[in-house]
Amino acid sequence: MKISLLTLGHKMPDWVNIAFNNYNNRLPPYLKIQMREISAVSRQKGLSVNQIKAQEATLIQKQIKKGQVNFALDEHGKAINTAFLAKQLDQWQLNGQDINIIVGGADGLDASILKMSDQTWSLSSLTFPHQLVKVIIAEQLYRAHSLLNNHPYHRE
């Protein structure tokens, strides 16, 4: 089983990588998150938001292999909490399938990505910058792992 975080965006500031790695390095080797950054489509003159999202969808789809389970993050997705994520993590481990957690570009994800995803989740009704989403995902997966293993981190 592999967990990949597919994100659209440009080079992240150092603090994002430091914070992401802080949590990712706490995970056991079999749960390490593979960061797969995809260059966002540049906002060229004359491209509509829908055209940009469609081009980004093509880039995302090239990263996805048959048989992988895909979870899209979207403001209109199902609101999830840590207990839910812990149950998902437990199922992922039991099933042994490769997982993709997909974060869209500045304009969100194209409808084609939402449609092909197995589930669509919302982290919050707030809008977060991509930098924080990467850190939140790493921290929450570590927290879910801690919860499943009765580690005190979840209760700190």
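Select L73 and W121 to start: L73 stands opposite W121 of strand 5. The coordinates are those of a predicted model. Now show strand 3 and strand 5 in full; five bridges pair them in the parallel sense.

Keep L73 selected and look to its other neighbour. The bridge partner of L73 in strand 4 is V103, and strand 3 pairs with strand 4 over five bridges, again in the parallel sense. Continue to strand 1, which runs parallel to strand 4 and is joined to it by five bridges. To find the register here, select I3 and I99: I99 is the bridge partner of I3 in strand 4.

Next, display the whole sheet. It is open and has five strands in the order 2-1-4-3-5, with parallel pairing. Strand 2 (33–38) and strand 5 (119–122) are at the edges; each has a single partner strand, so one side of each lacks a neighbour in the sheet. From one strand to the next the twist averages 30°.

Return to strand 4 and colour its residues by burial. Five of its five residues are buried. I99, I101 and V103 lie on one side and N100 and I102 on the other, so both faces are covered. In a regular strand, side chains alternate between the two faces of the sheet.

Add helix 5. Helix 5 packs on the sheet and touches strand 1, strand 2, strand 3 and strand 4, and its direction makes about 170° with that of strand 1.

Within helix 5, select L141. Leaving aside residues up to four places away in sequence, L141 touches I3, L27, I33, L85, L89, W92 and I101. A separate core of ten residues lies apart from the largest one, and includes L6, I38, A57 and I60.

For the largest nonpolar core, which has 30 residues, select I3, I33, W92, I101, W121 and L141, the members that touch the most others. Two or more residues come from each of strand 1 (3–8), helix 1 (14–24), strand 3 (69–79), helix 3 (82–95), strand 4 (99–103) and helix 5 (130–148). Helix 5 gives the most, seven residues.

Finish with helix 3 against helix 5. Their axes come within 8 Å and cross at roughly 75°, which means that helix 3 is roughly perpendicular to helix 5. To see the contact, select T82, A83, L85, A86, L89, D90, W92 and Q93 in helix 3, and Q140, L141, R143, A144, H145, L147 and L148 in helix 5. By class, this contact has nine nonpolar, four polar and two charged residues.

How values were computed
Residues are numbered from 1 along each chain as its sequence is written. This is a predicted model: local features need pLDDT of at least 70, side-chain atom pairs count only at pLDDT 80 or more; totals for chains, interfaces and linings use all residues. Side-chain values use heavy atoms; hydrogens and water are left out. A nonpolar core is a set of buried Ala, Val, Leu, Ile, Met, Phe, Trp, Tyr and Cys residues joined through side-chain atoms within 4.5 Å. Buried means under 20% relative accessible area, exposed over 50%, partly exposed in between (1.4 Å probe, protein chains only). Helices (H or I, at least four residues) and strands (E, at least two) are DSSP runs, numbered from the N terminus. Contact means heavy atoms within 4.5 Å. Axes are lines fitted to C-alpha atoms, for helices over the stretch in contact, and angles run from 0 to 180 degrees between N-to-C directions. Angles under 35 degrees count as roughly parallel, over 145 as roughly antiparallel, 65 to 115 as roughly perpendicular and the rest as oblique. Ala, Val, Leu, Ile, Met, Phe, Trp, Tyr, Cys and Pro count as nonpolar, Asp, Glu, Lys and Arg as charged, and the others, Gly among them, as polar. Two strands pair if DSSP finds at least two bridges between them.
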